[in-house]
Amino acid sequence: ARALTPQTAETDAIRFLVGTQSLRYDNQIHIIDFDDENNIINKNVLLHQVGEIWHISTSPADKGVLATCYNKTSDSKVMTCAAVWRMPKELESGSHESPDDSSSNAQTLELLCHLDNTAHGNMACVMWEPMGDGKKIISLADNNILLWDLQESSNKALLSSSTTLEGKGQLKFTSGRWSPHHNCTQIATANDTTVRGWDTRSMRQIYCIENAHGQLVRDLDFNPNKQYYLASCGDDCKVKFWDTRNVTEPVKTLEEHSHWVWNVRYNHSHDQLILTGSSDSRVILSNMVSISSEPFGHMVDDEELSDQEDQHQEEK
């Protein structure tokens, strides 16, 4: 497996979706439920028969809807395509059965629509509007940014706007992130060693961090609680934190990994916690209090404070 995502629309359960990459067998999406009361992991399996899954993302509004980028072979050429799917109703809420041979009773995903990329190249990733109603999607295909509108019941995708990255050589996006701030009008993309910001209304570039990393940039993530703050990671083994209002220097750099850093993610509740994964075979959890939304320590619950302490705390 190379593709993993939390199911963000699901607020009651702790659930992740994992996509498989098998050349010989039908590929699958595994719905992983963590039952924190009994400390056990349950899984259900869905068949994804169209190809190896390279990227997976879930709708922020509808917990039954997800998008995948997958490889498809046609005319001896391999294309990476993208599609939007719905899982069977009974699996949306997650059942707690975990049979040993789960593939025997696996169900199939229902195809809602393809994000047609025949004219635009290979899909790198699909991003849902973070705070939206699950109707807006951006996909990155080679050097194109494509903004899609999903129609009623998501079974049709209309290309509402797009833009192309101009420049010398074979330009290709590797990854992107939709900012949860600024009314969701900004996205960040990575191509080669460069990180760029875009305004989704005009599809124009709003900032550019040339040579953000010494080698390929692999992943990006926005601080969920602090606007303008963006994390990036790449093949120079570094994780960097940027303030997008002033991109001449990173705010902070982490050099804990000894090989390519593939992923960086903020914790959504406690943004001082950063998780990174690398091909040095390690996952590292870092505590970056100084650049978090609570740089002076944790907020104390009101109930724990008497009035006097309360005032004292505010002065502090």
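**A guided reading of the predicted model**

According to an unreviewed UniProt entry, residues 210-246 carry the annotation "repeat: WD". The structure in which this span is examined here is a predicted model. Within the model, residues 210-246 are 46% strand and 0% helix, and the C-alpha atoms at the two ends of the span are 13 Å apart.

The protein as a whole provides the setting for this span. It contains 24 strands and two helices. Its chain has 316 residues, of which 48% count as buried. Among the contacts with a separation of 6 or more, 43% join residues that are 24 or more positions apart. The exposed surface amounts to about 16700 Å², and 45% of that area comes from carbon and sulfur atoms.

The interior may be considered next. When the whole structure is searched for cavities of 30 Å³ or more, one is found. The volume of the largest cavity is about 30 Å³. Its lining consists of Ser179, His181, His182, Gln186, Tyr207, Phe222, Tyr228 and Thr244. Sorted by class, this lining comprises five polar residues, three nonpolar residues and no charged residues.

Two loops that adjoin β17 each hold a residue with a notable backbone angle. In general, most residues other than glycine have a negative phi. Methionine 203, however, has a positive phi, near 55°. Methionine 203 belongs to the loop that connects β16 (194-199) with β17 (204-209). This residue counts as buried because its relative accessibility is 7%, which is under the 20% limit for that class.

On the other side of β17, the loop leading to β18 (217-222) contains asparagine 211. Asparagine 211 is not a glycine, yet its phi is also positive, at about 50°. Its relative accessibility is 57%, so asparagine 211 counts as exposed, the cut-off for that class being over 50%. The two residues with positive phi therefore fall into opposite classes, methionine 203 being buried and asparagine 211 exposed.

A further loop, between β20 (239-243) and β21 (252-254), contains glutamate 249. With a relative accessible area of 58%, glutamate 249 is likewise exposed. Although 37 residues separate glutamate 249 from alanine 212 in sequence, their C-alpha atoms are 8.8 Å apart in space. Alanine 212 itself falls within the span 210-246 that the UniProt entry annotates as "repeat: WD".

Definitions and conventions. Residues numbered from 1 in each chain as written. Predicted model: local features only at pLDDT ≥ 70, side-chain atom pairs only at ≥ 80, totals over all residues. Heavy atoms only, no water. UniProt positions renumbered as here; feature names shortened; annotations may be inferred. Helix = DSSP H or I, 4+ residues; strand = E, 2+ residues; numbered from the N terminus. 1 Å grid on protein atoms, 1.4 Å probe; cavity = no way out; pocket = protein on both sides within 12 Å on 5 of 7 lines; lining within 4 Å. Points joined across faces, edges and corners; volume = space filled by probe spheres on them. Nonpolar A, V, L, I, M, F, W, Y, C, P; charged D, E, K, R; others polar. Buried < 20%, exposed > 50% of the residue type's maximum accessible area, 1.4 Å probe, protein only. Contact = heavy atoms within 4.5 Å. Areas by Shrake-Rupley, 256 points an atom, 1.4 Å probe, with all protein chains shown as cover.
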